[in-house]
Amino acid sequence: MQYVRLGSSGLKVSRICLGMMSYGDPAHRKWHLSEADGEPIVRKAVESGITFFDTADMYSNGVSEEVTGRLLRKLFARRDEYVLATKVYYPMGSGPNDQGLSRKHIMSSIDASLKRLGLDHVDLYQIHRWDNETPIEETMAALHDVVKSGKARYIGASSMYAWQFSKAQYTASLAGTTRFVSMQNHYNLVYREEEREMIPLCIDQGVGLIPWSPLARGLLAGTWERGGGRNTVRAGSDAYAETLYTDADFDVVDAVRRVAEARGLPAAQVALAWLLGKREVSAPIVGATKLRHLEDALAAVNVALSAEESAQLEAPYKPRALAGLA
């Protein structure tokens, strides 16, 4: 395993981040794994040198955090051996203050997350989306207080417009408070709109990228077929994926297959290797519900694509509408 700094911060993370959304309550999503079924995958990740793990309060209605906390406490000898990230924003109840990025919700949510995780702090506390109903000054001040209280070491953000992220960073700088060190954005071979504004902004500001959906919810790994065929339980029951990708993306998928066949590699390894070859990407967040998913991610760290191969992968891309911001 390789390790890099998260952006310009001093925090070092493994090149692969294991996304913990897949582990929780199978009754919540058909493709979620129970703690017992997920443990062999997480154990293999730990044994292979992965030290970076990402979850969120809303995953499996909090069960993912509970499972994540128990597994990491079991598999690591010391808390400082791993980097744990979680998120806040989405509804965690039916009340008017049970969602968003108000001071009230942030302060309540960090305590609730820590209780579910069974920990006294997280390493990276992220806002899951932008909140149009809360002044960014309030949000950044609250996040600063979370850091100053010792409940989080760093803060990060997830998908939003570049102008929003710039405004948040400027607001924190103006007030002398904590700035975001990472951006968890929607970025993969079939969705590259982030290259227009967000990624140049992050490079300029020294912000590390930890992309979500690096395999386009399995599309780039071959779990979808042109015309609507779905080859896995998740592909057949992931309604959100249908809002992100369409048959128009299969020109890119076909390019991945051609390069993969020429190299004698699984398509997933090639798609991940392309992302890992971007200097601004710190660690893609990879979900794994089978050991081979994890093995592909681990192998991709050591796959170096040539400039010609990267050009072949990128050539079919066409500009598209923004997606994944909500």
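Student: Which residue, just after α3, takes a positive phi?

Tutor: This is a predicted model, in which local features need pLDDT of at least 70 and side-chain atom pairs count only at pLDDT 80 or more, while totals for chains, interfaces and linings use all residues. Residues are numbered from 1 along each chain as its sequence is written, and side-chain values use heavy atoms, with hydrogens and water left out. Helices (H or I, at least four residues) and strands (E, at least two) are DSSP runs numbered from the N terminus. Just after helix α3, which covers residues 103–117, a positive phi of about 70° is taken by Gly-118.

Student: How far does α3 reach from its first C-alpha to its last?

Tutor: The expected span of a helix is 1.5 Å times one less than its number of residues, and α3 has 15 residues. Its reach is close to the 21 Å expected, and comes to 21 Å.

Student: Why are the buried residues of α3 on the same side?

Tutor: Buried means under 20% relative accessible area and exposed over 50%, with a 1.4 Å probe and protein chains only; the buried residues of α3 include His-105, Ile-106, Ser-109 and Leu-117, whereas Lys-104 and Lys-115 on the other side are exposed. The arc is taken from the directions between the helix axis and the C-beta atoms. The buried residues lie on the same side of α3 because they cover an arc of only 155°.

Student: Which elements do the buried residues of α2 pack against?

Tutor: The buried residues of α2 include Ser-64, Val-67, Leu-71 and Leu-75. Contact here means heavy atoms within 4.5 Å, and these residues pack against α1 (35–47), β4 (52–54), β5 and α3.

Student: Which strands stand at the edges of the sheet?

Tutor: Two strands pair if DSSP finds at least two bridges between them. Eight strands form an open sheet with parallel pairing, in the order β9-β8-β7-β6-β5-β4-β3-β10. Pairing on one side only marks the edge strands, β9 (208–209) and β10 (285–287).

Student: Which helix gives the most to the largest nonpolar core?

Tutor: A nonpolar core is a set of buried Ala, Val, Leu, Ile, Met, Phe, Trp, Tyr and Cys residues joined through side-chain atoms within 4.5 Å. The largest has 92 residues, of which Val-42, Phe-53, Phe-165 and Leu-220 touch the most other members. With nine residues, the helix that gives the most to this core is α10 (267–276).
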